[in-house]
Amino acid sequence: MADLIQLKDSIVKGRLNDAVDLTRVALDEGTDPQLLITDYMITAMQEIGQKFQDKQAYVPELLMAARAMRGALNLVQPLLVGEKSVTIGKIVIGTVFGDLHDIGKHLVASMLEGCGFEVIDLGVNVSADAFVKAVKEHDADILALSALLTTTMNYMKTVIDAMDQNGLRPKVKIMVGGAPVNKLFADQIGADGYSANANEAVHCAKQLLNIQ
Amino acid sequence: MQMPDSGSEISIRYSDLELSRAELYSTLGYGTSEPQADALALINRLLAEADNICRPRAGIRILDGAVEGPRLRLSGNWFAPGGIISHFLKGCDVFSIILATVGLEMDEWIQSYRVSGDVMEAFVADGIGSVVAEAVVDKTKKVLAQRVAKEGCSITNSYSPGYCGWHVREQQALFALLPKDFCGVTLTDSSLMLPLKSVSSVIGIGRDVLSQPYRCDVCRKKDCFRRKDS
């Protein structure tokens, strides 16, 4: 019988192969996929997230956990097609036009996904039109914008204006992040939230959607 | 004294670089700690790959110039690096622009991990790229220091647009002083260097100058992502 506590621990410790093997055994034994996600996988990500917040874990450990979570989730998600949604919110994310940096955005996307959000990653150098199209198409709850340069961060305002002009602003929360961005800038351009790192981004997203 | 020139590439190989494990671990967010076994195995595997792939390039141009208040003049062109950087370049009347890059091959290698979907591999490959880029800068500075030492001169630390309050858009004017496609590095309209893991810097040259370490405590940019807690 699959040891589900061990599954949770293997995600917390970032052991990809163990997480995948234990998930496979659990599914073969008929364990409810939804239960695996909500009671063990997301719980594991919350635990490593808290350790990071408490400075008891480092960024790579957060990522190793997200990686193990992704591996396990890949086995579970196909079984949930047509069933009730496993996501706690839908997020469109991308690095704004003119900027090609994506490692920070990639980390944020992974953590959000690991913590139960559905993430649509548009990549880098994304135009305001492309963000508008994706938010409409996916009926996103949150739009997350990233920039690493002082020359590109102002484009975040262009994207927010475009959301407004297309009537999407009341429907979508907007959060921003990236090295030159701070809370003051986020407030100035009319964003709803700002986070300084991937773990904070999860808290920010949950807060924006009133998720406990 | 060094005479102004039109800029030329230096010969540099990956095996010439002094890569610091401690710097890599710090860049990856470990602080002064070391990675555990699983992460260490991944880091070692990617370092071995980088060893085979990386073709670094670097170049140096020497120019005349001067510092006036918070402004810097290089070969007749004015820059606004701000008070902090100008302070450290004060007293020099010869300067160097250096350009250092991990090269296109390594940038493409990092990109391949970005699109592979494995976030940890992407993160480590990106961190290795950053540390290699800094190592190329260090090697280039050593070459420059040796060159000017023959004239009885020494060099300051290196200062780049984007740091210590020097606006990154001044990369455009800085690149205008370099030969076209110097070291294979190009600049986008948003002042982003391609390959991404590239560094451009200005260095002061003089008989009585010192290479001062970066001092985050004197910089007003409190939200700088390179800021060290002090």
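In this predicted model, chain B and chain A together bury about 2,300 Å² where they meet, and 67% of that area lies on carbon and sulfur atoms. On the chain B side, the residues that give up the most area to chain A are Val119(B), Phe123(B) and Leu192(B), which together account for 23% of what that side buries. Counted by residues, the contact draws 26 from chain B and 25 from chain A.

Charged pairs also feature between the two chains, with a count of two salt bridges. A salt bridge worth a look on screen joins Arg67(A) to Asp118(B), whose closest N and O atoms are 2.7 Å apart.

Within chain A, a helix pair invites a closer view. Helix α6 (residues 128-138) and helix α7 (residues 155-165) of chain A have axes that come within 9 Å and cross at roughly 45°. Because an angle of 65 to 115 degrees would count as roughly perpendicular and one under 35 degrees as roughly parallel, α6(A) and α7(A) are therefore described as oblique to each other. The crossing of these two helices, α6(A) and α7(A), is right-handed. From α6(A), the contact is made by Ala128(A), Phe131(A), Val132(A) and Val135(A), while α7(A) contributes Tyr155(A), Thr158(A), Val159(A), Ala162(A) and Met163(A). Sorted by character, the residues of this contact between α6(A) and α7(A) comprise eight nonpolar and one polar, with no charged residue. The polar one is Thr158(A).

Notes: Residues numbered from 1 in each chain as written. Chains lettered and ligands numbered in written order. Predicted model: local features only at pLDDT ≥ 70, side-chain atom pairs only at ≥ 80, totals over all residues. Heavy atoms only, no water. Axes fitted to C-alpha atoms, helices over the stretch in contact; angles between N-to-C directions. Helix = DSSP H or I, 4+ residues; strand = E, 2+ residues; numbered from the N terminus. Parallel < 35°, antiparallel > 145°, perpendicular 65-115°, else oblique. Left-handed = near helix turned anticlockwise from the far one by under 90°. Contact = heavy atoms within 4.5 Å. Buried area = accessible area lost by both parts, 1.4 Å probe. Salt bridge = Lys/Arg side-chain N within 4 Å of Asp/Glu carboxyl O.
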